[in-house]
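Welcome! Open the structure, keep the sequence beside it, and try each exercise before you read its solution.

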Amino acid sequence: STQHLFAVSGVQQLEDGSIVVANRGTSELRVFDSKGAFVRAIGRRGEGPEDFSAIYGLYRCAQDTLVVSEHGRLGILDAQLRFVRKIPIAAFSRVSQIVEGVSSDCSAVLLLGGDPLLEPYPPGTYHQNYTLYWATVNGTRRDTVARIQGPERVTVDYSGMSLPQILPWGKTSLWALGRDRLYLGKSDEFEIRAFDRQGGLYTIIRWSGETRPVMADDRALYMKKREQLIRMEQRQAQLVPPIDHFANLPERKPVYSRLLADDEDNLWLLKYPDSAAGRPGLFDFERGTTFDVWSVFDRNGRLLGNVQVPSRLKVINVQRN
């Protein structure tokens with residue numbers, strides 16, 4: 001039968017070729033065979049030992065062990081897709097955090113914790129600061145990987161409010177966790193640093209290129225996308241200001257907007273898409289027949305080539321098998 005997917009938050013392919021999809025919209029895992037035929041669903045929305053409170057991510061480690069990032073906890077399933085245990089994330093830290101990945105041996109979780117943004121907000125452009133760190137699953141150790149900066153922000157007075165807003169075409173830190181490599185970079189630089197599990201610098205990936213200017217057509221596309229978004233969800237009118245409310249817009253676009261690492265530690269880097277109109281993630285809709293360009297580097301930093309993917313498709317995971 002046809003299986004509808006809604007708000008997919010993760011995909012993993014197992015060693016036998018079957019595919020497990022994290023269907024966040026229904027808080028369940030949906031299993032398909034290697035040819036794409038639906039096999040079964042696992043879990044349901046709830047707080048029980050075989051329920052999912054929510055599904056924010058799906059990770060694979062130690063062959064076919066699956067780790068589900070839920071609201072406030074991790075769900076562990078074995079290679080036969082049986083529930084093993086639940087681990088409260090609160091045990092790792094008292095600070096709010098987001099699961100970013102799991103070590104290849106399942107012993108540790110990569111977490112992202114954010115510093116609060118407090119009033120009065122700084123003048124000009126500023127960032128919210130974050131910490132990336134490893135936490136052992138048994139809760140005995142935490143190792144900070146890096147202090148990084150979130151999306152560039154400005155304070156905008158709009159609709160009777162003064163709120164921090166993400167700056168269109170602003171720069172940000174980006175990262176991706178592979179099997180044994182953690183890649184870190186800044187969206188406005190032609191450089192990515194690769195670290196090993198112990199936090200040691202493994203290599204620096206550099207490439208040449210030119211940044212592209214933010215043009216009048218880009219600003220017009222922002223307004224068009226904003227109007228489309230408001231038609232889809234009216235409350236966005238107050239949350240997304242018109243472009244002329246932003247002072248000091250960047251003159252140049254970021255170099256890239258996403259990083260992914262595949263199961264062989266190759267790095268996939270997404271060229272900053274013009275169709276996102278300065279807000280990747282927010283304006284990723286109605287992207288027509290355009291193509292996104294991913295540059296692929298091997299684990300030693302050698303460029304393997306470029307891959308074109310239709311813009312209407314979102315790449316979530318890359319695996320060889």
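**Exercise 1.** Work out how many residues lie between S12 and S13 in their hairpin, and which turn residue has a positive phi.

*Solution.* Step 1: the hairpin of S12 and S13 leaves two residues between the strands. Step 2: in that turn, Ser159 has a positive phi of about 55 degrees. Step 3: find the strands themselves, S12 at residues 142-158 and S13 at residues 161-166; they pair in the antiparallel sense over six bridges. Two strands count as paired if DSSP finds at least two bridges between them, and strands (E, at least two residues) and helices (H or I, at least four) are DSSP runs numbered from the N terminus. Step 4: check one bridge, where Val156 has Leu163 of S13 as its partner.

Before you go on, a note on the model: it is predicted, local features need pLDDT of at least 70, side-chain atom pairs count only at pLDDT 80 or more, and totals for chains, interfaces and linings use all residues. Residues are numbered from 1 along each chain as its sequence is written, and side-chain values use heavy atoms, with hydrogens and water left out.

**Exercise 2.** Place the hairpin in its sheet and name the edge strands.

*Solution.* Step 1: five strands make an open sheet, in the order S9-S10-S11-S12-S13, with antiparallel pairing. Step 2: S9 and S13 each pair on one side only, so they are the edge strands. Step 3: neighbouring strands here are turned by 30 degrees against each other on average, direction ignored (axes are lines fitted to C-alpha atoms, for helices over the stretch in contact, and angles run from 0 to 180 degrees between N-to-C directions). Step 4: look inside the sheet, where seven bridges join S10 to the antiparallel S11 (residues 126-136). One of the bridge pairs is Ala108 with Thr136 of S11.

**Exercise 3.** Find the disulfide and decide its handedness.

*Solution.* Step 1: the structure holds one disulfide (a pair of cysteine sulfur atoms within 2.5 Å). Step 2: its partners are Cys61 and Cys106, with sulfur atoms 2.0 Å apart. Step 3: the torsion about their S-S bond is about 105 degrees, so the disulfide is right-handed. Step 4: Cys61 lies in S5 (residues 57-61) and Cys106 in the loop between S9 (97-102) and S10 (108-114), so the pair ties together parts that are 45 residues apart in sequence.

**Exercise 4.** Compare the reach of H1 with its expected span.

*Solution.* Step 1: H1 (residues 216-232) has 17 residues. Step 2: the expected span is 1.5 Å times one less than the number of residues, here 24 Å. Step 3: from first C-alpha to last, H1 reaches 25 Å, close to that value.
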